[in-house]
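Biologist: I'm new to this one. Could you walk me through it and tell me how each label is earned?

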Amino acid sequence: MTRTPLREILRRTDGPLTRELARVGADFGLGQVPADRAPDAVVRSICGYCSTGCSLDVHLQDGLAVNLTPSTGYPVNLGSACPKGWEALAPLTSDQRATTPLARDERGRLQPIGWDDAVTRFVTGIRDVQDRHGPDSVAFLSTGQITTEEMAVLGTVAKFGLGIRHGDGNTRQCMATAVTAYKQSFGADTPPYTYADLEASDVVVLVGSNLAVAHPILWQRLRSNPHDPDVIVVDPRRTDTAAGATQHLAVAPGRDLDLLYGIGHLLIERGAVDHGFVAAHTTGFEAYAQHVAAYTPQRVAEATGIPIAQLERCADTIAAGRAVSFWWTMGVNQSHQGTRTAQAIIDLALLTGSIGRPGTGANSITGQCNAMGSRLFSNTTGLLGGRDFGDATHRAEVAAALGIDAGRIPTETGMAYDQIVEGIAEGRIKALWVIATNTAHSWIGQGQLRDLLDRLDLLVVQDLYATTETAERAHLVLPAAGWGEKDGTFINSERRIGRVRKVAQAPGQALADLHIFRLIAHAAGCGDLVERWRSPEDVFRTLQQLSRGRFFDFSGIDGYADLDTQGGIQWPQPVPGAVPTTERRLYADGRFPTPDGRARFVVDDPRPPAEHVRARRPLVLLTGRGSTSEWHTGTRTRKAPALARLTPDDPYLEIAPDDAAARGITSHDWVEVISERGTVRVRALVTPTVGDGRVFLSMHHEVTNQLTMPAFDPHSRQPAYKHAAVEVRPASAVR
Ligand code: SF4
């Protein structure tokens, strides 16, 4: 691995921007591990994969990170880590790292260029497209993988400097549904829980959550619950989590909403309503009760495939619970009616008064390490700090905090991810800037998207690697530093703000995303936007200012030092000097951030999935996480040798024994999976974990999204990855 010192970068890229690069380096300690990290120190940092937010102690030797161990005493992971956390350093030293900016030559090959050239090409390219096709012909796609500070700087430079109104993030694929559901039901995007609730419940209901695989440390905490809890899992598949549950409701794909209304019906019938809580703290219960009255056990059993006795046992268990917590993840969020399904879960928590007490809550666990930071500060479809672009007061608040003219802030929100994709298809979007996400792999209905990316006048990819499916299509690649190579903060699923620390030098000329955004701002003539931010902590202080008086107010934190001392702090933390308790939950007082202080019951009529199974495509394709060793598109995990060894070489399809036998398929056979979008070849794994009429492919396989159907929840615009109609047949010949 080549590690080029800063002075060498400057020598090679001498030009007008080099002076800014030099200053950036001076400001941010570019090219060296900060001086406060002694050569043989142990540096504590939050893991850069999932939203659990485990703390890792990184061990330095002669100033280089050589190993890590999970932090003991950190209130999240309590000394544990999953395989990804243990191997977090390995992807940094991959020989596939992008070590210089790259641009296409006249023969279409990516060739190394200097930073001056790269940033100049970026700015002139964006300006050229805007001049030819209008200011709104450019969009950016951000990520839940960079620090909160970097998100805020990106959103500031892109929207207030470059005039790019349309921007969204890969967080749209992950938790947009939960955001929308919380906003409508609670009045603000407020996951109310703390992880300790997993240990305090006597009934835990997991809907569309394979916790044991997707959030293994949280599963471990649930397993250490001393109350011998009933664990009820709602999932069409018998996942590892379902196998460890006391009750598994194997709901028919796409019918969760019927099931949740049916459980509400049974709870009301059993007198399990907490009338005191409902009367004092909610609105809409009468309409809810009227709505679910129609969801009789008979009707729900027919719709969901779950026997009446099982429905009744589930309702009896919840009704008898002392502390019942409801949790959901992507099985709900990535549904064609995800928002209403999430709200049906919230409804159950409200009607049983299961909120604000230890072991309770309607709790969305999110996906990416900093999806929660993105929810507040990505400045994409929402204005900085959970505000609205359309609100003049909000624009004025942001302008004051940034010291800019409010006229630079767009007055309308931009397009969401699916609308940006549609904009490319319709020729309205001509340039796309993709930061730390691999959209050519992960977007639903991938084949169409790849064609669209190839139509763009300008595709810029900013990433650790130039070998992702998206970077391979780029006109310009900007090499970025990764987790462990920069400072900042992440916010985890339970609202805990934690420190991410620089423990290694980025290779070659790769720069922290924050530096890249600053360079671009200066090259584009809007350097004033970033002048006030000489360090990531300067940005953090601005974000604290933007939080003041809002539902997530963390202005009481005394900067990074406080986070280091306390070991991560949950928002809200509005009072300076207050010593935060280790674990905090919201709504202990029953007051919600709605105008009347009451939470809302929300109901709707279930809708069918976008694609029906038919004779030609009789099987429902389910997708989800494959193993604890894999992460999303495998961009990093496949570059960690130990994780790669734990990952199957070939993509595999889970298929039920009867469905396999009817097609003459046995385990390890090559099979073809056919949807209306395409045909892919995978290995068969014959297993009863999927019921008859269902098959399962892991989301990490590159082929999976060639099959998925581009359909979206109408409220959150989140893709519905969990339902597509397919057929499976033996492969005609092994290739
Ligand atoms: Fe990292 Fe998530 Fe694993 Fe914890 S559970 S070590 S945060 S990937």
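Modeller: Here is a short run of questions and answers on the structure above. It is a predicted model, where local features need pLDDT of at least 70, side-chain atom pairs count only at pLDDT 80 or more, and totals for chains, interfaces and linings use all residues. Residues are numbered from 1 along each chain as its sequence is written, and side-chain values use heavy atoms, with hydrogens and water left out.

Biologist: What makes the chain as compact as a globular protein of that length?

Modeller: Take the radius of gyration over C-alpha atoms and set it against the globule rule, 2.2 Å times the number of residues to the power 0.38. The chain comes out at 25 Å, close to the 27 Å the rule gives for 735 residues, so it is as compact as a globular protein of that length.

Biologist: Which domains is the chain divided into?

Modeller: Domain 1 (1-189 + 368-602), domain 2 (192-364) and domain 3 (619-733). Those bounds come from an automatic or database domain assignment.

Biologist: How do you know how many residues of domain 1 and domain 2 are in contact?

Modeller: Contact means heavy atoms within 4.5 Å. By that test, 42 residues of domain 1 are in contact with 46 residues of domain 2.

Biologist: And what area do domain 1 and domain 2 bury between them?

Modeller: About 3,400 Å², with 56% of it on carbon and sulfur atoms. Buried area is the accessible area (1.4 Å probe) that two parts lose on being put together, summed over both. Of the area that domain 1 buries against domain 2, Thr177, Arg585 and Phe601 supply 23%, more than any other three residues.

Biologist: Why is the pairing of Arg585 and Asp197 called a salt bridge?

Modeller: The term asks for a side-chain nitrogen of Lys or Arg within 4 Å of a carboxyl oxygen of Asp or Glu. Arg585 and Asp197 meet at 2.8 Å, N to O, so the pair passes that cut-off. The count between domain 1 and domain 2 is one salt bridge.

Biologist: How many salt bridges does the rule count in total?

Modeller: The count comes to 42 salt bridges. One of them joins Arg44 and Asp57, whose closest N and O atoms are 2.9 Å apart.

Biologist: Why does the pair of Arg44 and Asp57 tie together separate parts?

Modeller: Arg44 lies in strand β1 (residues 42-46) and Asp57 in strand β2 (residues 55-61), so the pair ties together parts that are 13 residues apart in sequence. Strands here are DSSP runs (E, at least two residues), numbered from the N terminus.

Note on methods:
Helix = DSSP H or I, 4+ residues; strand = E, 2+ residues; numbered from the N terminus.
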